[in-house]
Amino acid sequence: MKRAMVVVALLGVLPAFGEEFTVAVTESRKPLADDKRAGLEVMERGLRLGNASFRYVQTVDPKQSDAPVVQQYGDYILGCTFPQIWNWDGEYFLDVQVKRPNGQPFIANRARLQEGIYILQQTTRGVAEMVWPLPATEGTAEPGTLAVRIVKVPTDVNWFYLEARIEGEPETEITQVRVGTYPYITSGPPERQRWVTTLAAAHQMSDQLTPIDPATEWGVVLHNKIAQEEGGCLFVFDPEQVQAARAGGTYNVALHMDAAPGTRAMQFAFGYFWDTNYAQAIERFRPEAPAVLERLRKVDWSVGVDAAWWARLSGEIDELLTHAGMQEQFGARWKAMQDTAQQLIAAAGQEGAAARQAERGFGALARDAGKLKGGMYASALEALVREAGQ
């Protein structure tokens, strides 16, 4: 199964927002179509939260415990489409650099194959999480994880909120976060200029990094002048979490934010403007930025587990199991899911990493329970068709 082409649509099974706000994960793993690199495989996952989409690609070597392989373009991608292709970087959108005591900094989302993408909530908002295990190292009893949690509120069309957090390894810190953009579009005429305009200043981009003052320039507009002036990126970081920042690039434009000492979690607001001249977007953004920062600081990053929803689903599946043949076909799988659910519901009442792991586990269980229920309905329908034909 692992070596075959696998494409699965992992749709959230909690109450949906409707067609205009889809929350979904797609996943595939297949052999690399390259005779010169036979034996390698490529993992690809996609996440959609309303009008924001994310793409992860990683080539791995199964003979080396799925060690990441980056030998050429396309071997690694972590991209964001918001609201359209590019604008935010469709290939290298986010890097989270971490450091262990007495170790060298490394980019946590590139060091190991991603564990998975989990749908955590799909009620009044969409919440999903991307998780990477940290590399094993001598002296670390149990390696931690990098968890990137994304929150999207349907009514807040132009923004989503992202948290990067280290779980486990209490002495490991985030040292820097880099976000990548292609304001409005990638290629442009030679006269096009890339600019970063903040709450306090305007900086024309070059291939050298330009310092940005976190205390006064925590609200950022990334845009163009001379050409392609009608769209761009909006960005807010928490100045209390950033001790230094820089921006640069004339093709892709990147923001580098150095974390304050001791930082293990950082939160950001990602936005955009579209079909609007950059000057109007800046004029509108500057007075609104404090409210965006306030919303960012008030985001509830926890989701818990919906025990009431699970109880309703349990009743529906228990009812299906009363039909002929269902208990024999599905009973054992459902019993195992029920036992797991009770363990996760109990664990979600704890604090810290254990609670977050339970939230992810419950999200995966909800997905699998929804698929089980769908299979039971299909089996029941097939039985009815057979009976009708006799």
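This briefing walks through aromatic pairs, one helix, two buried polar residues, some backbone details and a long-range neighbour pair. The model is predicted, so please read each value below as computed from that model. A good place to begin is the aromatic side chains, where the count comes to 25 aromatic pairs.

**Aromatic rings around F54**

- A pair of aromatic rings is described by the distance of the centres and the angle of the planes.
- Of the 25 aromatic pairs, one joins F54 and F93, whose ring centres are 6.0 Å apart with the planes at 55°, so this pair is tilted.
- The angle decides the label here, because planes under 30 degrees apart count as stacked, over 60 as edge-to-face and the rest as tilted.
- F54 belongs to strand β4 (residues 52-61), while F93 sits in the loop between β7 (87-88) and β8 (94-99), so the pair ties together parts that are 39 residues apart in sequence.
- Both partners are covered: F54 is buried at a relative accessible area of 4%, and F93 is buried at 0%.
- F54 also pairs with F160, with ring centres 5.3 Å apart and planes at 85°, so this pair is edge-to-face.
- Since F54 is in strand β4 and F160 is in strand β13 (residues 159-167), the pair ties together parts that are 106 residues apart in sequence.
- F160 is buried too, with a relative accessible area of 0%.
- Stepping back, F54, F82, W88, F93, F160, F235, F237, F268, F270 and Y272 are linked by ring pairs into a cluster.

**A charge over a ring**

- Another aromatic residue to look at is W195, which has K225 lying over its face at 3.7 Å from the ring centre.

**Helix α3**

- Helix α3 (residues 307-321) has 15 residues, and at 1.5 Å a residue it should span 21 Å; the end C-alpha atoms are 21 Å apart, which agrees.
- The buried residues of α3 are W309, W310, L313, S314, I317, L320 and L321.
- Viewed down the axis of α3, the buried residues fall within an arc of 140°, so they line one face of the helix.

**Two buried polar residues**

- N109 is part of helix α1 (residues 108-111) and is buried, with a relative accessible area of 0%.
- What does the side chain of N109 reach at 3.1 Å? The partner is the backbone oxygen of L94.
- Beyond its neighbours within four places in sequence, N109 is in contact with Y76, L78, L94, D95, V96, W132 and L146, so L94 appears both in this contact list and as the polar partner, where a pair of N or O atoms within 3.5 Å counts.
- D75 is placed in the loop between β5 (67-68) and β6 (76-81), and at 2% relative accessibility D75 counts as buried.
- The side chains of D75 and R37 are joined by a polar contact of 2.9 Å.
- Leaving aside neighbours within four places in sequence, the contacts of D75 are R37, V57, Q58, T59, V69 and V70.

**Backbone details in the loops**

- The peptide bond between F82 and P83 is cis, with omega at about 5°; F82 is also a member of the aromatic cluster.
- P83 lies in the loop between β6 and β7, and W86 is placed in the loop between β6 and β7 as well.
- W86 is not a glycine, although its phi is positive, at about 70°.
- N102, also a residue other than glycine, has a positive phi near 65°.
- N102 is in the loop between β8 and β9 (106-107), and N102 is exposed, with a relative accessible area of 82%.

**L47 and its surroundings**

- L47 is a residue of strand β3 (residues 41-49) and counts as buried at 2% relative accessibility.
- Which residue, 82 places along the chain from L47, has its C-alpha atom at 9.4 Å from that of L47? That residue is E129.
- Apart from neighbours within four places in sequence, L47 is in contact with A24, V25, A52, S53, F54, I117, A128 and I150.
- F54 in that list is the residue whose ring pairs with F93 and F160.

Note on methods
Residues numbered from 1 in each chain as written. Predicted model: local features only at pLDDT ≥ 70, side-chain atom pairs only at ≥ 80, totals over all residues. Heavy atoms only, no water. Phe/Tyr/Trp six-rings, centres within 6.5 Å; stacked < 30°, edge-to-face > 60°. Helix = DSSP H or I, 4+ residues; strand = E, 2+ residues; numbered from the N terminus. Buried < 20%, exposed > 50% of the residue type's maximum accessible area, 1.4 Å probe, protein only. Lys NZ or Arg CZ within 6 Å of the ring centre and 35° of its normal. Expected span 1.5 Å × (residues − 1). Arc of directions from axis to C-beta. Polar contact = N/O pair within 3.5 Å; in protein donor to acceptor, adjacent residues only side chain to side chain. Contact = heavy atoms within 4.5 Å.
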